[in-house]
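Work through the exercises below with the model open beside you. Try each task before reading its solution.

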Amino acid sequence: MEESYLEIRNLCKTFSAKNGSVEALKGVSLSIGKGEIFGVIGLSGAGKSTLVRCMNLLERPDSGDVLLNGESLLALSKEQLRLRRQKIGMIFQHFNLLEQQTVLENVCFPLEIRGIPKKERREKALSLLEKVGLADKAKAYPSQLSGGQKQRVAIARVLANEPDILLCDEATSALDPETTQTILRLLKAIRDTLGITIVVITHEMRVIQEVCTRVAVLDGGLVQEEGSVAEIFDHPKSRAAKRLLLMADEEEESYVG
Ligand SMILES: Nc1ncnc2c1ncn2[C@@H]1O[C@H](COP(=O)(O)OP(=O)(O)OP(=O)(O)O)[C@@H](O)[C@H]1O
Ligand SMILES: [Mg+2]
């Protein structure tokens, strides 16, 4: 196996609220190789979003460690972390585009933050839009785009920072099956051409089957099982994996009619 690029060690996170506390992560460990497309699947409330937010320290874990290419993110100073985070891209279910800005301006935004001169950032943004197949929409506003197109803009925007790793939290959950396929194909192409490590977080088995090499099943804040996609879905052992498999079968039946 390739050396581990992203290493999650024994992450714990408890949220406390007035009416009690929730142990969202109870000691999660994962090793993800460079250039791998790794899946994390789980039912609602399993702790997936908490895990992904802890991976880039948007959420500070209570204990455990996150090592990116051997370097502990928790040991970094605020300023070092800010710079490091630019190399950790994130895409979400709801795209999070700037609605008052054009597609081109959206992709230019991270470059502007980095202080790249105007002409250069426009050129770079345009080439990224070409890469995701949206050069013709440069002057459009997000409201004029389909869901799949919006996610392409979000992907172009995240690529502007030349990330080493891309974290996708339910990136295709708002999309229909066909659009989901095109976005997943784009992610695969990005991995193949740019060598970016990708973590795909989802509750949908078909998403994992489409792009991932390995998968971890998360339930109750713990990794219940982990292995190759075929291994896990052909012989699910955990309650959560069996349940997710059943859900996928039901969905398939509903398409067939
Ligand atoms: N900021 C927060 N404050 C309190 N509890 C939280 C917070 N964020 C998450 N939780 C709780 O932690 C648990 C895990 O939540 P999380 O969002 O990580 O699940 P998830 O697997 O992403 O679910 P979904 O598939 O619905 O997105 C849940 O019980 C949730 O209510
Ligand atoms: Mg979530």
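Two strands pair if DSSP finds at least two bridges between them. Keep in mind that this is a predicted model.

**Exercise 1. Find how strand 7 and strand 8 pair, and over how many bridges.**

Step 1. Locate strand 7 at residues 165-169 and strand 8 at residues 197-202.
Step 2. Recall the two options: strands of a sheet pair through backbone hydrogen bonds, either parallel or antiparallel.
Step 3. Strand 7 and strand 8 pair in the parallel sense, over five bridges.
Step 4. Check one position: Leu167 stands opposite Val199 in strand 8.

**Exercise 2. Give the strand order of the open sheet of six strands, then explain which strands have a free side.**

Step 1. The order is 6-7-8-3-9-10, and the pairing is mixed.
Step 2. Strand 6 (88-92) and strand 10 (222-228) stand at the edges. Each has a single partner strand, so one side of each has no neighbour in the sheet.
Step 3. From one strand to the next, the twist averages 15°.
Step 4. Now add a helix. Helix 5 lies across strand 6 and strand 7 and runs at about 170° to strand 6.

**Exercise 3. Describe the open sheet of four strands.**

Step 1. Its order is 2-1-4-5, with antiparallel pairing.
Step 2. Strand 2 (20-33) and strand 5 (71-72) are the edge strands, and each pairs on one side only.
Step 3. Look at one edge. Strand 5 joins strand 4 (residues 63-68) in the antiparallel sense over two bridges.
Step 4. There, Leu68 stands opposite Glu71 in strand 5.

**Exercise 4. Which residues of helix 3 are buried, and what covers them?**

Step 1. Apply the cut-off: a residue is buried if 20 or more other C-beta atoms lie within 10 Å of its own.
Step 2. In helix 3 (residues 103-113), the buried residues are Val103, Leu104, Asn106, Val107, Cys108 and Leu111.
Step 3. Their cover includes helix 4 (118-131) and helix 5 (147-159).
Step 4. Move past the helix. Gly115 follows helix 3 and has a positive phi, near 80°.

**Exercise 5. Set out the domains and their contact.**

Step 1. The domain assignment gives domain 1 (1-87 + 175-257) and domain 2 (97-162).
Step 2. Taken over C-alpha atoms, the centres of domain 1 and domain 2 are separated by 26 Å.
Step 3. Seven residues from domain 1 and seven residues from domain 2 make the contact.
Step 4. On the side of domain 1 that touches domain 2, three residues are nonpolar, three polar and one charged.

Note on methods:
Residues numbered from 1 in each chain as written. Chains lettered and ligands numbered in written order. Predicted model: local features only at pLDDT ≥ 70, side-chain atom pairs only at ≥ 80, totals over all residues. Buried ≥ 20, exposed ≤ 12 C-beta atoms within 10 Å, placed from the backbone. Contact = placed C-beta atoms within 7 Å. Axes fitted to C-alpha atoms, helices over the stretch in contact; angles between N-to-C directions. Domains from an automatic or database assignment. Nonpolar A, V, L, I, M, F, W, Y, C, P; charged D, E, K, R; others polar.
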